[in-house]
Amino acid sequence: MRRDLSTVLDELRSGLLQSAANAGLRLTEVEMVLPMDLLVVLRDGGVTLLADVPRSRADDPWRSVEASRLSIRWRALDNEEATR
Amino acid sequence: MSAMLPPLMRDNGMQFDLFIQALTEQLDKAQATMALKARVGKLPLTFAVKDVQLDLRAFVQFVEDDLFVRPAAPGESEASTIKLSLTTITKSMIEENSVGISTEDPKFSLREALGDDFDEDRRRLERIGVHTVKQLNELRESAGADVIERLARLPVNRLQQALMRAAAPRASQVHNTHPSGTARPHDDAQIRIHSPLLRVGGRLPLVQVAGEAVPVVEAGDGQVLLRPLASQMGLDAKIDFGDGRVAQVALCDGARGRWLNGAGA
């Protein structure tokens with residue numbers, strides 16, 4: 001189910017942090033490359049970018065070389081650095 | 001493509017610049033959410049997006065002069081690939097490259113000046129970086145109304161209406177007190193008239209109620225302070241800007257003026 005791209009990114013980030021916390025690790029930097037299904041829609045008088053990542057083997061076409069790909073790098077910042 | 005899209009978007013996709021706007025809006029929103037969560041949770045660390053690269057598989061075509069892209073659905077082959085790379089910028093870089101919106105007088109924000117009737121037009125202007133009446137007027141003077149219309153995708157008549165609405169004078173009552181701490185008596189009430197057309201160094205506007213001049217206390221950029229007679233309070237004042245533009249506004253708190261000769265823009 002496609003949702004706002006920002007929601008997908010937030011869920012990925014939360015999942016990463018939770019997984020790391022469960023393993024007793026602190027992540028400093030993560031890079032991921034994801035096949036991504038993208039759709040632009042008209043909403044609230046503007047344009048919104050919806051997205052989702054493959055969730056099961058039924059989504060195999062998304063994994064093909066023909067799919068769009070989002071490469072994203074996350075980095076942990078202390079709050080002071082984040083506002084600088 | 002979704003059935004919620006109009007036929008042009010289903011067939012040809014979206015103008016490329018609108019796609020970029022949608023992408024950056026989503027990234028900004030994601031970044032803001034992360035910062036907010038770190039603040040609310042009082043976390044010492046926040047996890048920020050450092051770099052983003054999107055290999056967009058899409059069908060690309062020109063419709064008239066606009067470049068349209070339609071993202072390929074899963075399994076659709078023979079699409080083109082557009083590589084977009086974005087990186088984060090620091091707070092100081094943002095400040096160097098943006099107008100300090102927070103320092104602008106909220107009375108001259110587009111939202112306040114245009115009202116709800118122009119919600120869609122305001123959003124279109126904000127997408128090209130115009131957030132205040134002052135910015136709108138400066139852009140019109142430097143680039144011209146036709147450039148604004150083209151960039152913001154506004155119809156001609158809507159921009160003219162928006163400009164007139166934004167520049168119309170508005171009145172607010174001054175609620176200050178005497179040094180003794182007592183409220184200002186009614187016969188000493190002051191009314192401030194706001195309009196982006198009022199400039200320091202320019203000619204003072206002639207303000208009249210029923211042919212009688214209204215005393216001007218002081219004038220500054222974007223405003224003039226009046227001390228109307230008690231008998232003039234609440235009545236319609238005619239404001240002659242001296243350059244052919246004449247507006248009318250009631251001398252009472254919160255009154256919004258209108259142009260008498262349609263020359264406001």
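**Exercise 1.** How many bridges join S9(B) to strand S10 of chain B, and in which sense do the two strands run?

*Solution.* The model examined here is a predicted one. Begin with the pair itself: S9(B) is joined by four bridges to strand S10, residues 223–226 of chain B, and the two strands run antiparallel. Within this pairing, B:Ala219 has B:Val224 of S10(B) as its bridge partner. Next, place the pair in its sheet, which is open, has four strands in the order S5-S6-S10-S9 of chain B, and is paired in the antiparallel sense. Strand S5 (170–174) and strand S9 (216–220) of chain B are the edge strands, and because each has a single partner strand, one side of each is left without a neighbour in the sheet. From one strand to the next, the twist averages 20 degrees.

**Exercise 2.** Work out how strand S3 of chain A is paired, and describe the turn that links S3(A) to S2(A).

*Solution.* Take strand S1 (residues 3–4) of chain A to begin with, which pairs with strand S3 (residues 46–52) of chain A in the antiparallel sense over two bridges; here A:Arg3 lies opposite A:Ala51 of S3(A). Then turn to strand S2 (residues 29–43) of chain A, whose pairing with S3(A) is likewise antiparallel and extends over seven bridges, with A:Leu39 placed opposite A:Leu50 of S3(A). Finally, consider the connection: S2(A) and S3(A) form a hairpin with two residues between them, and in the turn A:Asp44 has a positive phi of about 55 degrees.

**Exercise 3.** Describe the side of chain B that touches chain A, and then analyse the crossing of H1(A) and H2(B).

*Solution.* In the contact between the chains, 42 residues of chain B meet 37 residues of chain A. On the chain B side, helix H2 (16–40), strand S2 (45–63) and helix H5 (119–127) each supply at least two residues, and S2(B) gives the most, with 13 residues. By class, the residues of this side of chain B comprise 23 nonpolar, nine polar and 10 charged.

For the helices, the axes of H1 (residues 5–22) of chain A and H2(B) come within 8 Å and cross at roughly 40 degrees; H1(A) and H2(B) are therefore oblique to each other. The crossing in which H1(A) passes H2(B) is right-handed. H1(A) makes the contact through A:Leu5, A:Ser6, A:Leu9, A:Asp10 and A:Arg13, while H2(B) contributes B:Gln26, B:Lys29, B:Ala30, B:Thr33 and B:Met34. Sorted by class, this contact of H1(A) with H2(B) has four nonpolar, three polar and three charged residues.

Definitions and conventions. Residues are numbered from 1 along each chain as its sequence is written. Chains are lettered from A and ligands numbered from 1 in the order in which they are written. This is a predicted model: local features need pLDDT of at least 70, side-chain atom pairs count only at pLDDT 80 or more; totals for chains, interfaces and linings use all residues. Two strands pair if DSSP finds at least two bridges between them. Axes are lines fitted to C-alpha atoms, for helices over the stretch in contact, and angles run from 0 to 180 degrees between N-to-C directions. Two residues are in contact if their C-beta atoms, placed from the backbone, lie within 7 Å. Ala, Val, Leu, Ile, Met, Phe, Trp, Tyr, Cys and Pro count as nonpolar, Asp, Glu, Lys and Arg as charged, and the others, Gly among them, as polar. Angles under 35 degrees count as roughly parallel, over 145 as roughly antiparallel, 65 to 115 as roughly perpendicular and the rest as oblique. A crossing is left-handed if the near helix is turned anticlockwise from the far one by less than a right angle, and right-handed if clockwise.
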